[in-house]
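User: Could you walk me through how to read a strand and a pocket in a model like this one?

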Amino acid sequence: MTLDEAPQALVVDAYSAAALWDYGIRPAGVYGYGLSNGLGLGTADPSTMTVVGTDATFGTETAASLGADLVVGYSSEEEPTSWIWWDSAQAQQINAVAPFLGIDPSSTLDTTLDQYRSLAEALGGDTDGPAIEEQRAAYEEAKERVRRAVAAAPDLTVLPLVQVPAFPLFTELFPRAVRYTGVSLGFNIGTIAAGGTAPYVAAQLVESTGNSMAPAFWVVGVCLIGVVTVLTIKETSRSALPV
């Protein structure tokens, strides 16, 4: 993306605010998931930014009142001018206020971090200062510790399964028209049904079997169901998202 001049009123999602903050980038507005509970903001100070929206909502009028001249957020490769939670009508409305720059999180963590570093550099951030270099060295050392641990145990298979891939997956499962509703209901009903009943089920298993390891077997069974489910999901990273 090329702009005529450097943006003066940047609006970003919470995770982008966290990624850009240590480079010295100070957004005018912030929106998205991880904002309501503050977990997505990292070291970013929310008191210095105007809340444009929380979760999947976005206040177009609020962004316009800030004079937003660039909006940044997670996007897919197929829809780089839209945040992954917006439908096409909402994306068009927001793009009328300010251009959207998408960060594609579907690749490796290093690639995603490089996208933020390039953006921060383009925005005039400090991408090579002592504090940044110290953090980068700590990150590389952490990666090296993982490599050494794997090398020391050749029979060990390391599966870096984290929650990050889940969010693009949720997005790809539903068409835009029902994406927010589908993800919200599916995620929360599953959390309530499984997470809410877990302590009770675990206690009943121990009491009925007399085996303190019974809950572990139950967890293994649930994980097997999850593995089967994942194996039945088609890879869509190179396909257009359902409309």
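We'll take a strand and its partners, then a pocket.

Analyst: Before we start, keep in mind that this is a predicted model.

User: Okay. Are the two faces of strand E1 buried or exposed?

Analyst: To read that, split the strand's residues by side and check burial on each, where buried means under 20% relative accessible area. In E1, residues 10-13, Leu10 and Val12 sit on one side and Val11 and Asp13 on the other, and all of them are buried. So both faces are covered.

User: Which strand does E1 pair with over three bridges in the parallel sense, and what stands opposite Val11?

Analyst: For pairing, look at the bridges and the direction. Strand E4 (residues 70-74) is a parallel partner of E1, with three bridges, and Val71 in E4 stands opposite Val11. E1 also runs parallel to strand E2 (residues 29-31), again with three bridges; there, Asp13 faces Tyr31.

User: What do E1, helix H1 and E2 make together?

Analyst: Here you follow the path from strand over helix to strand. With H1 at residues 14-21 in the middle, E1 and E2 complete a right-handed β-α-β unit.

User: Now the second largest pocket: how much space lies in it, and which residues are closest to its centre?

Analyst: Start with volume, then the lining. The pocket holds about 500 Å³. Its lining has 15 residues, and Tyr23, Leu113, Gln135, Arg136 and Tyr139 are the closest to the centre. H1, helix H4 (109-122) and helix H5 (130-152) each give two or more lining residues, with H4 supplying the largest share, six.

User: How do the lining residues of that pocket divide by character?

Analyst: Sort them by side-chain class: eight are nonpolar, six charged and one polar.

Definitions and conventions. Residues numbered from 1 in each chain as written. Predicted model: local features only at pLDDT ≥ 70, side-chain atom pairs only at ≥ 80, totals over all residues. Heavy atoms only, no water. Buried < 20%, exposed > 50% of the residue type's maximum accessible area, 1.4 Å probe, protein only. Helix = DSSP H or I, 4+ residues; strand = E, 2+ residues; numbered from the N terminus. Pairing = 2+ DSSP bridges. Right-handed = clockwise from strand over helix to strand, strands pointing away. 1 Å grid on protein atoms, 1.4 Å probe; cavity = no way out; pocket = protein on both sides within 12 Å on 5 of 7 lines; lining within 4 Å. Points joined across faces, edges and corners; volume = space filled by probe spheres on them. Nonpolar A, V, L, I, M, F, W, Y, C, P; charged D, E, K, R; others polar.
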